[in-house]
Amino acid sequence: MKAGVHPDNYRLVVFEDLNNGTRFLTRSTVATDETIKWEDGNEYPLVKIHISSASHPFFTGEERIVDIEGRVDKFKARAAAGEAARDKRVKAAKKQTTRKEAKQVKLAAKAQSE
């Protein structure tokens, strides 16, 4: 085996699942600034994760929607913005049509007076 390929700075770290609050104490080399007091009274580095085996549908067997980054909200905002833009285009087209009609009426009135 090659020497120096694997890190040698493993230490005990607590991983906390943000979906359901489950915590795991395991060994890792991940860097973090947060710490937490564990059940044994010792303080360990804390890494917060969005999904783990405790909340992932594959491991839990339950099907649910996990919206971590606000995808649904972003979609709704894009849909609302699209509808607003469409309404604005429709109003602009109506205004343009009204202007053309007014111009034609004015030209017709001018032609009749001459």
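In the protein chain, 36% of the contacts between residues at least 6 apart in sequence join residues at least 24 apart. The model is a predicted one. The chain holds two helices and four strands. Read from the N terminus, the order of elements is β-β-β-β-α-α. Of its 114 residues, 13% count as buried. The exposed surface of the chain comes to about 9700 Å². Carbon and sulfur atoms supply 53% of that surface.

The four strands form an open sheet. Their order across the sheet is β2-β1-β4-β3, and the pairing is mixed. Strands β2 (23-28) and β3 stand at the edges. Each has a single partner strand, so one side of each is left without a neighbour in the sheet. From one strand to the next, the twist averages 45°. Strands of a sheet pair through backbone hydrogen bonds, and the pairing can be parallel or antiparallel.

The pairings can be taken in turn across the sheet. Strands β1 and β2 run antiparallel and are joined by six bridges. Within this pair, Leu 12 stands opposite Arg 27 in β2. The two strands also form a hairpin, with five residues between them. In that hairpin, Gly 21 takes a positive phi near 80°.

Strand β1 (residues 11-17) is also joined to strand β4 (residues 43-49). Here the strands run parallel, and four bridges link them. Phe 15 stands opposite Val 47 in β4.

On its other side, β4 meets strand β3 (residues 35-37). This pair is antiparallel and has three bridges. Lys 37 has Glu 43 in β4 as its bridge partner. Strands β3 and β4 form a hairpin too, again with five residues between the strands. Gly 41 lies in the turn and has a positive phi of about 95°.

The next topic is the packing of side chains. In a regular strand, side chains alternate between the two faces of the sheet. The largest nonpolar core has five residues. These are Val 14, Ile 36, Trp 38, Tyr 44 and Leu 46. Tyr 44 has contacts with several of them. Apart from neighbours within four places in sequence, Tyr 44 is in contact with Val 14, Ile 36 and Trp 38, among others. Its contacts also include Leu 12, Leu 25, Glu 34 and Thr 35.

How accessible is Thr 35, a residue of strand β3? Thr 35 counts as partly exposed, because its relative accessibility is 46%. Its side chain makes a polar contact of 2.8 Å with the side chain of Glu 43. With neighbours within four places in sequence left aside, Thr 35 is in contact with Glu 43, Tyr 44, Pro 45 and Leu 46. The C-alpha atoms of Thr 35 and Val 14 are separated by 8.4 Å. Along the chain, these two residues are 21 residues apart.

Glu 16 lies in strand β1. Is Glu 16 buried or exposed? Glu 16 counts as buried, because its relative accessibility is 14%, and the cut-off for buried is under 20%. A polar contact of 3.5 Å joins its side chain to that of Arg 23. Beyond residues up to four places away in sequence, Glu 16 touches Gly 21, Thr 22 and Arg 23. Glu 16 also touches Leu 46, Val 47, Lys 48 and Ile 49. Gly 21 is the residue with the positive phi in the hairpin of β1 and β2. Val 47 is the residue of β4 that stands opposite Phe 15.

Asp 33 gives another case. Asp 33 is placed in the loop between β2 and β3. With a relative accessibility of 81%, Asp 33 counts as exposed, because the cut-off for exposed is over 50%. The C-alpha atoms of Asp 33 and Leu 46 are separated by 7.7 Å. The two residues are 13 residues apart along the chain. Leu 46 belongs to the largest nonpolar core.

Conventions. Residues numbered from 1 in each chain as written. Predicted model: local features only at pLDDT ≥ 70, side-chain atom pairs only at ≥ 80, totals over all residues. Heavy atoms only, no water. Buried < 20%, exposed > 50% of the residue type's maximum accessible area, 1.4 Å probe, protein only. Contact = heavy atoms within 4.5 Å. Areas by Shrake-Rupley, 256 points an atom, 1.4 Å probe, with all protein chains shown as cover. Pairing = 2+ DSSP bridges. Core = buried A, V, L, I, M, F, W, Y, C linked by side-chain atoms within 4.5 Å. Polar contact = N/O pair within 3.5 Å; in protein donor to acceptor, adjacent residues only side chain to side chain. Axes fitted to C-alpha atoms, helices over the stretch in contact; angles between N-to-C directions.
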